[in-house]
Amino acid sequence: MADPNERYPDNAAGPFFVDWRCLDCDVCRDTAPANFTRNDDGGYSYLKKQPENLDEYERCLEAMDACHTEAIGCNGGLPDWDVLPSVMAFRFAIEWGHSARFERLLPEVLLEAGRESLFKTGDLFRVAARTGLTDMVERLLLNADALAIPRSALTPSLDEAIERNDFEMVDLLFRYGVRPSGVTAGGPNSLELALLTGNPKMVERVLAAGGISKEEAVRRWFEEHADDPLPTPSKKTCGKCND
Ligand code: SF4
């Protein structure tokens, strides 16, 4: 996820920016040529001009969603709210963690939700969960059906929150019925991520949400790893006689 603190200095001041993750692939320059250009010496893209009309905003958002290294961000400054339709402004309010505007726009967006899939690009719910703003995320969860937020978008957000050791967000997502990944099926999963945090509270919460006890989790782990080769002990040699 692009970080406004790591934006290249040649980006024009404003919401959109490119950071060091850019791999100079050309996609953004093709998608939004009025706004993105190349720094030939550095071999990366940057914003030569911030979007000034709806078409340019749409193209910049499209470029952001298409950037496979997540080098483009749009929370580096306030957008020009006046040129944005409510659905797009709603997206910016989420990207920005701008709770007051989010609340103001929500009723309007709910009215429009039937006509347009708000979450078809960029996985807005995931963006919202990354802000760590539980109030905003809860409002989205309460309106998930009306906003047509795909259920498949929720578990990756949960796993990201576990990885960040964000217990408050994890607890909220579980309370709204988000399922942990693979706790009962093996493979890389929510439980493994929880174990990596080293936070026992997180591990217990994930286990409880998966509906299994600690003993059962241990038993399954051994079952899943039964065929793994045992680690070969390294041969120790005597420091004096080399035997
Ligand atoms: S799409 Fe992303 S990686 Fe490609 S040039 Fe633009 S910012 Fe760089």
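**Exercise 1. Packing around helix α5**

How do the axes of α3 and α5 cross, and within what distance do they come? Determine the geometry and then identify the residues involved.

*Solution.* The model is predicted.

Step 1. Two packed helices are described by the angle and the distance between their axes. The axes of α3 and α5 cross at roughly 30° and come within 8 Å.

Step 2. On the α3 side, the contact is made by R91, I94 and E95; on the α5 side, L124, V127 and A128 take part. By class, these residues comprise 4 nonpolar and 2 charged, with no polar residue.

Step 3. Helix α5 covers residues 124–131, and its buried residues are F125, A128, A129 and R130. The elements that cover them include α3 (86–96), α6 (134–142), α7 (154–163) and α8.

Step 4. Just after α5, G132 adopts a positive phi of about 75°.

**Exercise 2. Relative orientation of α8 and α10**

Determine the orientation of helix α8 with respect to helix α10, and describe the residues at their contact.

*Solution.* Step 1. Helix α8 spans residues 167–175 and helix α10 spans residues 200–210; they pack at an angle of about 10°, and their axes are 11 Å apart.

Step 2. Angles under 35 degrees count as roughly parallel. The helices α8 and α10 are therefore roughly parallel to each other.

Step 3. From α8, F167, V170, D171 and F174 meet K201, M202, R205 and A209 of α10. This contact has 5 nonpolar and 3 charged residues, and no polar ones.

**Exercise 3. The nonpolar core**

Identify the residues with the most contacts inside the largest nonpolar core, and trace the surroundings of one of them.

*Solution.* Step 1. The chain has 243 residues, of which 32% count as buried. Its secondary structure comes to 11 helices and 4 strands.

Step 2. The largest nonpolar core has 51 residues, and A63, I72, L140 and I162 are those with the most contacts inside it.

Step 3. Leaving aside residues up to four places away in sequence, L140 touches F125, A128, L147 and I149. Of these, F125 and A128 are buried residues of α5.

Step 4. For contacts between residues at least 6 apart in sequence, 59% join residues at least 24 apart.

**Exercise 4. Two buried strand residues**

Classify G73 and Y46 as buried or exposed, and find which residues they touch.

*Solution.* Step 1. G73 lies in strand β4, residues 72–73. A residue counts as buried if 20 or more other C-beta atoms lie within 10 Å of its own. G73 has 22 such atoms and is therefore buried.

Step 2. Not counting residues up to four places away in sequence, G73 touches A2, D3, P4, F17 and D19. G73 and D3 are 70 residues apart along the chain, yet their C-alpha atoms are separated by 6.8 Å.

Step 3. Y46 is placed in strand β3, residues 44–47. With 24 other C-beta atoms within 10 Å, Y46 is buried.

Step 4. With residues up to four places away in sequence set aside, Y46 touches Y8, D10, N11, V18, T37 and N39. The C-alpha atoms of Y46 and R29, 17 residues apart along the chain, are separated by 8.9 Å.

**Exercise 5. Loop residues**

Locate D24, N165 and N199, and describe their exposure.

*Solution.* Step 1. D24 is found in the loop between β1 (17–18) and α1 (27–31). Partly exposed residues fall between the limits of 12 or fewer for exposed and 20 or more for buried. D24 has 15 other C-beta atoms within 10 Å and is therefore partly exposed.

Step 2. N165 sits in the loop between α7 and α8. With 16 C-beta neighbours inside 10 Å, N165 counts as partly exposed.

Step 3. Most residues other than glycine have a negative phi. In D24, however, phi is positive, near 60°. Phi of N165 is also positive, near 60°.

Step 4. N199 occupies the loop between α9 (190–197) and α10. N199 has 15 C-beta neighbours inside 10 Å and counts as partly exposed. N199 and I162 are 37 residues apart in sequence, with a C-alpha to C-alpha separation of 9.8 Å.

**Exercise 6. The ligand shell**

State how many residues surround the ligand, and divide them by class.

*Solution.* Step 1. The ligand is surrounded by 13 residues, the closest being C22, C25, V27, C28 and C67.

Step 2. The shell divides into 9 nonpolar, 2 polar and 2 charged residues.

Terms used. Residues are numbered from 1 along each chain as its sequence is written. This is a predicted model: local features need pLDDT of at least 70, side-chain atom pairs count only at pLDDT 80 or more; totals for chains, interfaces and linings use all residues. Helices (H or I, at least four residues) and strands (E, at least two) are DSSP runs, numbered from the N terminus. Two residues are in contact if their C-beta atoms, placed from the backbone, lie within 7 Å. A residue is near a molecule or strand if its C-beta atom, placed from the backbone, lies within 6 Å of it. Ala, Val, Leu, Ile, Met, Phe, Trp, Tyr, Cys and Pro count as nonpolar, Asp, Glu, Lys and Arg as charged, and the others, Gly among them, as polar. Axes are lines fitted to C-alpha atoms, for helices over the stretch in contact, and angles run from 0 to 180 degrees between N-to-C directions. Angles under 35 degrees count as roughly parallel, over 145 as roughly antiparallel, 65 to 115 as roughly perpendicular and the rest as oblique. A nonpolar core is a set of buried Ala, Val, Leu, Ile, Met, Phe, Trp, Tyr and Cys residues joined through C-beta atoms within 7 Å.
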